[in-house]
Amino acid sequence: MKDGFINLLKPPGMSSHDAINAVRKIFGVKRVGHAGTLDPAAAGVLPVAVGRAAKFLEYLTLNDKSYRGEILAGIATDSGDDTGKIIAAADFASLPDEQELTSLLNKFVGKIKQTPPLYSAIKIKGKKARDLARKDREFVMPVREVNIYKISLVKLRRDTFVIDVECSKGTYIRSLATDIGQELNLPVTLKFLVRTRVGDFSLADACTLEELARCGEERILPSEKFLTAMPRYDLPTHRAKAFQNGLPTDDRNFEGGEKLLAVFGGGVFVGVGRYFKGSIYPVKVL
């Protein structure tokens, strides 16, 4: 069984956990993990690690993400998307023209304060907010700062509009949609959401569960392909096995500083290491 990452296209209506279980069944292995959880109602890119690559999930660069969302004007729900209960409605929802709406959207570009949805996976005293909300428990969602790098208006219809969003980790597009609705003085809800990119994982290269079942291990990509934030370090070939056995390798001439390194031996990725006091030490290895 190959170790590596899968750029999975999660379908709407399936939780990230369910998607991982589906991958486990396809390959018949238990050691499968994911990064960058997606809401069940959302579709899009879900980074998945298979086998020993799961230990490298924490080193993925996933800070920047991109989404495409369709926002419906005229109703608002308790969840912020079309899976929730309607809590507000307008008899007539009139959206501004393209120029005015674009100008309004640009107000959200930059660092903004955002309150995540009640129905989310954010932990409140160890419990998921959505679980507390379903039990009608009272709690306060913490406000967080997020960074919206860019918002583009893709399409405008009578009562819906489509936007592309480039943002930082931790941004909730459902909350962004709600805040846009408040600026419009209209109830709105997120009708559809697809994550088009997270870090080095992009929608153009993603595969569906059906494609994964058909292609199998062909869709498992080498771990090092996604560890792009780390400088590469090449061990002497004869030291690769020692590194994998937990032994350091002396290198008094290294000038890269004490940082994490993607370590190769004989051109083959062998793990993540760190330079410290004249030696390359293994941190996590294959």
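Let's start with L212 and what it touches. Setting aside neighbours within four places in sequence, L212 is in contact with I6, L8, V23, I26, F27, C207 and R219. Keep in mind that this is a predicted model. L212 sits in helix α5, residues 209-215. Buried or exposed? L212 counts as buried, because its relative accessibility is 0% and the cut-off for buried is under 20%. Now take F27 from that contact list. In sequence, L212 and F27 are 185 residues apart. In space, their C-alpha atoms are 9.4 Å apart.

C207 is on the L212 list too, so to speak of cysteines next. How many disulfides does a search of the whole structure find? Zero. C207 is in no disulfide, and the nearest cysteine sulfur, that of C215, is 7.5 Å away. Why no bond for C215? The closest cysteine sulfur, in C207, is 7.5 Å from its own, and that is too far. A disulfide needs the two sulfurs within 2.5 Å. The surroundings of the two cysteines can be put side by side. C207 has 1% relative accessibility, so C207 counts as buried. C215 has 26%, so C215 counts as partly exposed.

Next, a helix pair. Helix α2 covers residues 98-106, and helix α4 covers residues 173-184. They pack at an angle of about 125 degrees, and their axes are 11 Å apart. That angle is why α2 counts as oblique to α4. The crossing of α2 past α4 is right-handed. Which residues meet there? From α2, they are L101, L104 and L105; from α4, I180, E183 and L184. By type, this contact has five nonpolar residues, no polar ones and one charged.

On to the strands, with two residues to look at. T160 comes first in my notes. T160 lies in strand β11, residues 160-168. Its relative accessible area is 4%, so T160 is buried. What does T160 contact, leaving aside neighbours within four places in sequence? The partners are E70, I71, L72, L95 and K155.

The other strand residue is A76. A76 belongs to strand β5, residues 75-77. With a relative accessible area of 14%, A76 is buried, because the limit is under 20%. Not counting residues up to four places away in sequence, A76 touches K85, I86, I87, A88, P187 and V188. There is also a distance to give for L186. A76 and L186 are 110 residues apart in sequence. Their C-alpha atoms are 8.7 Å apart in space.

Now step back to the whole chain. How many helices and strands does the chain have? Six helices and 18 strands. The chain has 286 residues, and 47% of them count as buried. L212, C207, T160 and A76 are examples of buried residues. Along the principal axes, the C-alpha atoms fill a box of roughly 75 × 40 × 40 Å.

One last number, on contacts. Take the contacts in the chain with a separation of 6 or more. Residues 24 or more positions apart account for 68% of them. The pairs I gave you with sequence separations were L212 with F27, at 185 residues, and A76 with L186, at 110.

To recap, then. L212 is buried in its helix, α5. The search for disulfides gives zero. Helices α2 and α4 pack obliquely, in a right-handed crossing. T160 in β11 is buried, and A76 in β5 is buried as well.

Definitions and conventions. Residues are numbered from 1 along each chain as its sequence is written. This is a predicted model: local features need pLDDT of at least 70, side-chain atom pairs count only at pLDDT 80 or more; totals for chains, interfaces and linings use all residues. Side-chain values use heavy atoms; hydrogens and water are left out. Buried means under 20% relative accessible area, exposed over 50%, partly exposed in between (1.4 Å probe, protein chains only). Axes are lines fitted to C-alpha atoms, for helices over the stretch in contact, and angles run from 0 to 180 degrees between N-to-C directions. Helices (H or I, at least four residues) and strands (E, at least two) are DSSP runs, numbered from the N terminus. Angles under 35 degrees count as roughly parallel, over 145 as roughly antiparallel, 65 to 115 as roughly perpendicular and the rest as oblique. A crossing is left-handed if the near helix is turned anticlockwise from the far one by less than a right angle, and right-handed if clockwise. Contact means heavy atoms within 4.5 Å. Ala, Val, Leu, Ile, Met, Phe, Trp, Tyr, Cys and Pro count as nonpolar, Asp, Glu, Lys and Arg as charged, and the others, Gly among them, as polar.
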